[in-house]
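Student: Hi, could we go through this structure together, one piece at a time?
Tutor: Of course, let us have it in front of us before we begin.
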Amino acid sequence: MKRFNKISAAALLAFASQQSFAADITVEIQNLTHGLYFTPIAAVAHTADASLFEVGEAASTELQMMAEGGSLDGIATIGSAIGADVIANPAGGLLAPTMSTSADLMTADDNVVLSVVAMILPSNDGFIGLDNWEIPTEAGTYTVFINAYDAGTEANDELRGSGEPGMAGMPVPPPLDPLLGNGGTGVAGADTNTTVHIHRGNIGDDSLTEGASDVDNAVHRWLNPVAKVTVTVR
Amino acid sequence: MQYLAKHYKKALVLTLPFLLAACGDDDTREVIVEVEVPAEIPDPVPVSYDVTVTNLTNGQPVSPPAVVLHSEGTLWEVGAVASVELERIAEVGDSADFLMLGDASAGGVGPITPGDSQTISVTIDDITDANLTIAAMLGNTNDAFTGINSWSLANLEVGATYTTVSPAYDAGTEANTESAATVPGPAANGEGFSPSRDDTGFISMHPGVVSSDDGLSTSALTVEHKFDNPVIRIQITRTE
């Protein structure tokens, strides 16, 4: 009889954990890096069976748009297709090193997980990623440290170029323009791993006029984690 | 917080039978006298911790760690401007000023070489919910440091141990040139603390050292000095 009760309790708990609750949350994202900028950030509450990216799987075209050029248009398209609640571009542009941004979000009943993405600059197709993090139902403040991913869609040549999906090179918005070199010969060819994976980091070089890379190796490298996400559940 | 309570209280009420011989009758008068005497001050109860720091890097000496107990706020955090006290740790490993910041503190003795550990004991009286902050330099860098920021000790019972690891941070006070003139550790024996600031201005995660082997031709560092996170392990045991 006792065992039966335990089983019932376990079954009830399992049922309870699958219950969906609307949540009133604040999402804060801090750029922890020494020299990287984040493009406009998307923080997306969605159903557990949806996903913006999966390690080991090819990036969607929509994710590629974000990772190669910082555009949130594709993420917005996915967001409406899956009925997500979306915070888009809370920083109103680039998020500079060590800066924070935050926004409030009311999530619908079934949107029980949170994903966060933003491109990192300078990079070819690097992005910060939080993947289907379960939003706690208990009120409180929760902290998650997140890593840099490579979308696997573009060669990491580390050269000035384009932010259009499928076009080579890195987009270079104004705050980065004076910091990057010119005339690099290109660091790397197409990724060996063409699925989403942990980014190997920038190589860079120490010349602003030649060398393999337009990235400054003393400024634009990083070690994980690269961002802190703080979620307050009310 | 007994020690903060009023140290004096109305301790004695004396009822004195008092004969007034000068009076013509035999009345006995009672006079109540209140005197204040010091209440007993309880002996302070020491609360002590052993903090063991292990160097996880290949070629970065960790400067003598500063271990500080304090009641509130933070002594450093990512996104903040480094204090001069922290800058002195991050640029040259000198913790003397930083150790003055909290309610109780203790510093390590000598650098911790790669693979080695050092245990630092720190004691505070009566307070069991202090916050712990640790800071120590990675010696073969411009201004890299590691540690923990304001970790609450409130739930650490006597005899219990908390273990964590810490990444490398950048104080943001000195550009990461890695040059022989600016790295104070044994790899270069360059300048230590400099009051001028020529970097981002904010504490961040450290990007790692590049080294001459990996493309920074003016670097005094080699592949021996590269590191990845985490760089130290910290074990905190409450001993009393």
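Tutor: Before we start, please keep in mind that this is a predicted model. For what follows, two residues are in contact if their C-beta atoms, placed from the backbone, lie within 7 Å.
Student: OK, so how many residues does each chain put into the contact?
Tutor: Chain A brings 18 residues to the contact, while chain B brings 19 residues.
Student: And what classes are they on the side of chain B that touches chain A?
Tutor: On that side of chain B, there are 10 polar residues, together with seven nonpolar and two charged ones.
Student: New topic: which residues touch the most other members of the largest nonpolar core?
Tutor: Those are A:F127, A:I128 and B:F145, in a core that has 94 residues.
Student: Which strand gives the most to this core?
Tutor: That is strand β6 of chain A, covering residues 113-121, which contributes eight residues. Apart from this core there is another one, of 10 residues, including A:V219 and B:L216.
Student: Back to A:I128, where is it found?
Tutor: A:I128 belongs to strand β7 of chain A, which covers residues 126-134.
Student: Is A:I128 buried or exposed, and why?
Tutor: A:I128 is buried, because 27 other C-beta atoms lie within 10 Å, and 20 or more are needed for a residue to count as buried.
Student: What does A:I128 touch, leaving out residues up to four places away in sequence?
Tutor: With those left out, A:I128 touches several residues, among them A:F38, A:V116, A:I146 and A:V226.
Student: And A:F127, with the same neighbours left out?
Tutor: Not counting residues up to four places away in sequence, A:F127 touches residues including A:M66, A:M119 and A:Y149.

How values were computed. Residues are numbered from 1 along each chain as its sequence is written. Chains are lettered from A and ligands numbered from 1 in the order in which they are written. This is a predicted model: local features need pLDDT of at least 70, side-chain atom pairs count only at pLDDT 80 or more; totals for chains, interfaces and linings use all residues. Ala, Val, Leu, Ile, Met, Phe, Trp, Tyr, Cys and Pro count as nonpolar, Asp, Glu, Lys and Arg as charged, and the others, Gly among them, as polar. Helices (H or I, at least four residues) and strands (E, at least two) are DSSP runs, numbered from the N terminus. A residue is buried if 20 or more other C-beta atoms lie within 10 Å of its own, exposed if 12 or fewer, and partly exposed in between; C-beta atoms are placed from the backbone. A nonpolar core is a set of buried Ala, Val, Leu, Ile, Met, Phe, Trp, Tyr and Cys residues joined through C-beta atoms within 7 Å.
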